[in-house]
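User: I'm in my first year and I'd like to see how the words people use for a structure get tied to its values. Could you walk me through this one?

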Amino acid sequence: MYVPMPTHMELVLQAAAFAAEKHRTQRRKDVETPYINHPIQLAYILVQANIEDSVVLAAALLHDTVEDTSTTLDEIEIVFGYEIARIVAECSDDKAQTKLERKQAQIDRAARLSREARLVKIADKIANVSDIEGAPPAGWSLERKREYFDWSKAVVDRMRGTNASLEKRFDAEYLKRP
Ligand code: NDP
Ligand code: ZN
């Protein structure tokens, strides 16, 4: 018997397919890992924390498309609607800023993000500190890895009270600070 796929699952898989297409030529900074592994990792971290809101999962899958590919927010809104576009916008750095300004802006803005964006952001920090342990960016010194861990913690600390399970997982990752 044919059972139609629930709409929420369709949305999540559509976002996965869209992100895979957009990131298709890219790799993570360890140079080996296909880029799409990272957004999929975020969605997996969220589901492991019992977050099954398809809007949040789709936004997680799309979170780096605007920052790291030629995708525009308008395009995200046309395909996925206003709410997902708004979460992706909240999770995207302002490319007009310097690298240093972006780092500070993430700390400054963290507490004012929507709950949905905070969930995606915390999952992003979990994934990235875990990768710095397991598949680090090529050429990073010990000092740079430590700086990244500490900056991530500063961002997450401003979002405490969002989701206990995610925060606990971040804290467990932070204990592995090199
Ligand atoms: P980032 O510190 O921003 O690079 C980390 C980002 O790269 C992550 O947030 C993640 O972002 C992405 N990423 C891709 N692959 C990986 C991976 N395998 N593991 C973890 N993260 C990955 O690098 P920048 O080059 O932008 O440097 C910016 C800052 O670093 C500046 O503020 C500068 O001051 C500082 N710096 C420090 C140095 C030092 O030796 N201490 C040297 C040079 C710079 P996403 O999830 O968005 O893809
Ligand atoms: Zn990311």
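Analyst: Let's go through the ligand, its pocket and a cavity in turn; keep in mind that this is a predicted model.

User: What makes arginine 28 a polar contact of ligand 1?

Analyst: A polar contact is a pair of N or O atoms within 3.5 Å. A polar side-chain atom of arginine 28 lies 2.8 Å from an oxygen atom of ligand 1, so the pair makes the cut.

User: How do you know that lysine 99 and asparagine 128 count too?

Analyst: Same cut-off of 3.5 Å. For lysine 99, a side-chain N or O atom is 3.3 Å from an oxygen atom of the ligand, and for asparagine 128 that value is 3.0 Å. Both are within 3.5 Å, so both are polar contacts. As for cover, ligand 1 taken alone exposes 930 Å², and the protein buries 76% of that.

User: Which residues are closest to ligand 1, and how many surround it?

Analyst: There are 22 around ligand 1, with Arg28, Lys29, Lys99, Ala135 and Tyr148 the closest. Being in this shell takes a heavy atom within 4 Å of the ligand. By class, the shell holds 12 charged, seven nonpolar and three polar residues. Helix α8 (115-134) gives the largest share, four residues.

User: Why is ligand 1 said to sit in the largest pocket?

Analyst: To earn that phrase, more than half of a molecule's atoms must lie within 2 Å of the pocket's grid points. Ligand 1 is listed as sitting in the largest pocket, so it passes that test. The pocket has about 1,000 Å³ of space. Of its 32 lining residues, Lys29, Lys103, Asn128, Trp140 and Tyr148 are the closest to its centre. Here α8 gives the most again, with six residues, and the lining divides into 17 charged, nine nonpolar and six polar residues.

User: What makes the other space a cavity and not a pocket?

Analyst: In a cavity a 1.4 Å probe fits but cannot get out, whereas a pocket is open. The count comes to one cavity of 30 Å³ or more. The largest cavity holds about 60 Å³ of space, so it clears the 30 Å³ mark.

User: How do you know that Glu90 belongs to the lining of the largest cavity?

Analyst: A lining residue needs an atom within 4 Å of a grid point. Glu90 is on the list of lining residues, so it has such an atom. Others on that list include Cys91, Gln106 and Val155. Helix α7 supplies the largest share of this lining, three residues, and by class the lining has five nonpolar, four charged and two polar residues.

Conventions: Residues are numbered from 1 along each chain as its sequence is written. Chains are lettered from A and ligands numbered from 1 in the order in which they are written. This is a predicted model: local features need pLDDT of at least 70, side-chain atom pairs count only at pLDDT 80 or more; totals for chains, interfaces and linings use all residues. Side-chain values use heavy atoms; hydrogens and water are left out. A polar contact is a pair of N or O atoms within 3.5 Å; within protein, one must be able to donate a hydrogen and the other to accept it, and residues adjacent in sequence count only if both atoms are side-chain atoms. Accessible areas come from the Shrake-Rupley method with a 1.4 Å probe; for residues, only the protein chains shown count as cover. On a 1 Å grid over the protein atoms alone, a cavity is a set of points where a 1.4 Å probe fits but cannot get out, and a pocket is an open set with protein on both sides within 12 Å along at least five of seven lines; lining residues have an atom within 4 Å of a point. Helices (H or I, at least four residues) and strands (E, at least two) are DSSP runs, numbered from the N terminus. Ala, Val, Leu, Ile, Met, Phe, Trp, Tyr, Cys and Pro count as nonpolar, Asp, Glu, Lys and Arg as charged, and the others, Gly among them, as polar.
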